Amino acid sequence: MRQGLRVLGVAIQAEKTVFAAAVLSSALYGVMTVASAWALGWATENVVLPAFAQGRVATGALVLGALLILGTALLKALGVAGRRYFAGVMQYRMQARSRRDVTRQYLKLPLAWHHRHPTGQLLSNASADAEAAWAPLAPLPMAVGVIVMLITAAVALVITDPPLALVGFLIFPAIAVLNLIYQRRLSPLATRAQQLRAEVSEIAHESFDGALVVKTLGREDEETARFREKAGELRDANIAVGRVRGLFDPMLEALPTLGVLAVLLVGAGRLDSGAISSGVLVQVAYLFTLLAFPIRALGWVLAELPRAVVGYERVQAVLTATGSMEYGTATLSGSAPAKLEIRDLDYAYDDFPVLRGVSFEAEPGRTVALVGPTGSGKSTLTQTFVRLVDPAAGAVLLDGVDLREIARGGISDAVALVPQQTFLFDDTVRGNVTLGLPVGDEDVWAALRLAQADGFVSALPSGLDTKVGERGTTLSGGQRQRVALARALVRRPRLLVLDDATSSVDPQVEAKILYGLRDAAQASTVVVVAYRMATIALADEVVYLEHGRVADQGPHDQLLARCEGYRNLVTAYEREEAEREALEADEEEEVSA
């Protein structure tokens, strides 16, 4: 309860004016609810009973009674409208603010943090958790108005008839005790259900994201079973929540009704004894019938608090996560190719070292190839060039400036990374190349030509306006890679990092791309992660990595002559090709014989 009230306090502090307007509207509703009971009692005493007793009603009394009932009803309706409007504004503003804060934090946190958290969970934090955290804000102003109503009603009851008020007051401690038991039963069940929502989201996202693997390996039944199991747990958790609500809701609804019956029972005796009039009895009984629904608002707030606390804590876990990147104030000037320096760089995933003491330089305008066996740290190293991750030790410098000292946005203005896994949006070719960059079609076509992609793009049904589908499914792997390369080139980067970004491209096309990058009018310093000897041979210098260290570096020919590990690695592809061709030749000879 204390945690839930603290969550509500955060929202109230953030939206003071809106909350005050909602509470005032709700208070108006509460006061008018009590006033309507008084108006009905007055009309009963001065209009209805005289009509039965005398057969006629004074015009003034009839008009006044109608005005009282109509006026209180209009003011009550105004209070309801204002309460709902301002409560909705407050709730949706807080949810939107939480979503923005979470997504901003996602952008600040380093890639290493994202690696430790499933995408489905991150989606749940920004959607379901942000929504759950502020769900109690919708009924909160009504609950506050109910408190005003209860105080007003209590005063009115005491003034009207103290004995009947005492009978009615017995119902409020019973409601409080029942709500307390309700919350204690519901809280752990709601917590479990909220956690399961995130887990179901994780499985669904993973299955959809890996649809190609699932379908090609015939894993549909297994993935369906995995999702069914977790969805079944969520169903059972929600049913458990529903059972508790189904048990307590009727009881909470029944208590005010029981209060009305008790008031009528005691009031009938007092009416017979002449202690009260019929109008007073009607006024008190009607007041309790009106209180039955608003009192439930307190239950709604209390019912949402456990889920709100869970959602808020999950959101706060993201917002308070450590490791967000700090930026400096340095800027990079000029448009010429940049100089890249790596100095004694170390990096580790948790406690597992990936890079150790890596040092080398890429001179402006030159092409450096990063070569090494799988797991040698090449992709991790390229991520440090664009500051997706920060090294544990050492530094990455661009034109002599440590990347950690560069102002936000300065690195992306000067450096472009084309990663191994190409991602295209469900947009047109133009949209995927520009990504909102204000460049004309001439620049887009120039980038596509440099990426050797202009030929197939011009052959598409609508050219640059052709939609490529989700993740670029209408294009081949090599075509997607070339569009992604054009996306980087259109930004005219001073440092271009290619992390095996042409692996699906034909070797001849790859050679044309690398030659084009050298001869481009807006040249870049190029660092390329490569495996093919034909690609590596085009580089001015090669950095050979083994076990996260620089084992050797220098021109390709020199490394080929002096470094056995390098030689075995880069000639493995050619040896495999030669062996395959020899095997095919032997098979053809056997068929001929």
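Hi everyone. Among the contacts in this chain between residues at least 6 apart in sequence, 76% join residues at least 24 apart. Please keep in mind throughout that this is a predicted model.

Let me give you the overall picture. The chain has 593 residues, and 45% of them count as buried. It holds 21 helices and ten strands. Its accessible surface comes to about 29,100 Å², with 58% of that belonging to carbon and sulfur atoms.

Let's begin with a helix, α10, which covers residues 220-273. How far apart are its end C-alpha atoms? They are 78 Å apart. With 54 residues at 1.5 Å a residue, the helix should span 80 Å, so the two values agree. Just after α10 comes Gly274, which takes a positive phi of about 80 degrees.

Glycine is not alone in having a positive phi here. Arg492 has a phi near 50 degrees, a positive value in a residue other than glycine. You will find Arg492 in the loop between α17 and β7, and with 47% relative accessibility it counts as partly exposed. His547 is another such residue, with a positive phi near 55 degrees. His547 sits in the loop between β9 (541-546) and β10 (549-554). Is His547 buried or exposed? It is exposed, because its relative accessible area is 62%, and the cut-off for exposed is over 50%.

Now to the sheets. As a general reminder, strands of a sheet pair through backbone hydrogen bonds, either parallel or antiparallel. Both kinds of pairing appear in this model, and we can take them in turn.

The antiparallel example is an open sheet of four strands, in the order β2-β1-β4-β5. Which strands stand at the edges? They are β2 (352-362) and β5 (401-402); each has a single partner strand, so one side of each is left without a neighbour in the sheet. If you look at β1, residues 340-349, you will see that seven bridges join it to β2 in the antiparallel sense. Within that pairing, Glu341 stands opposite Glu361 in β2.

For parallel pairing, go to β7, residues 495-499. On one hand, β7 pairs with β6 (residues 415-418) in the parallel sense over four bridges, and Leu417 stands opposite Val497 there. On the other hand, five bridges join β7 to β8 (residues 525-529), again running parallel. In that second pairing, Val497 stands opposite Val527. So Val497 is a handy residue to click on, with Leu417 and Val527 as its opposite numbers.

Why is β7 described as largely enclosed by the rest of the structure? Because five of its five residues are buried. Both of its faces are covered: Leu495, Val497 and Asp499 are buried on one side, and Leu496 and Leu498 on the other.

Two of those leucines come up again when we turn to the nonpolar cores. The largest core has 45 residues, and Leu496, Leu498 and Tyr566 touch the most other members. Its largest share, six residues, comes from α17. There is also a second, separate core of 30 residues, which includes Ile342, Leu355, Ile406 and Ile411.

Let's stay with Tyr566 for a moment. Which residues does it contact, once we leave aside its neighbours within four places in sequence? They are Val371, Ile536, Val542, Tyr544, His556, Leu559 and Leu560.

I'd like to finish with two buried residues that have polar side chains to look at. The first stop is Thr466, in the loop between α16 (454-458) and α17 (477-489). At 12% relative accessibility, Thr466 counts as buried, since the cut-off is under 20%. Its side chain reaches the backbone oxygen of Gly463 at 3.0 Å. Not counting residues up to four places away in sequence, Thr466 touches Asp427, Thr428, Val429, Leu460 and Pro461.

The other stop is Gln383, which belongs to helix α12, residues 378-385. Gln383 has 16% relative accessibility, so it counts as buried too. Its contacts, leaving aside neighbours within four places in sequence, are Leu111, Tyr349, Leu388 and Val389.

That's the end of my tour. Thanks for listening!

How values were computed:
Residues numbered from 1 in each chain as written. Predicted model: local features only at pLDDT ≥ 70, side-chain atom pairs only at ≥ 80, totals over all residues. Heavy atoms only, no water. Helix = DSSP H or I, 4+ residues; strand = E, 2+ residues; numbered from the N terminus. Buried < 20%, exposed > 50% of the residue type's maximum accessible area, 1.4 Å probe, protein only. Polar contact = N/O pair within 3.5 Å; in protein donor to acceptor, adjacent residues only side chain to side chain. Contact = heavy atoms within 4.5 Å. Core = buried A, V, L, I, M, F, W, Y, C linked by side-chain atoms within 4.5 Å. Expected span 1.5 Å × (residues − 1). Areas by Shrake-Rupley, 256 points an atom, 1.4 Å probe, with all protein chains shown as cover. Pairing = 2+ DSSP bridges.
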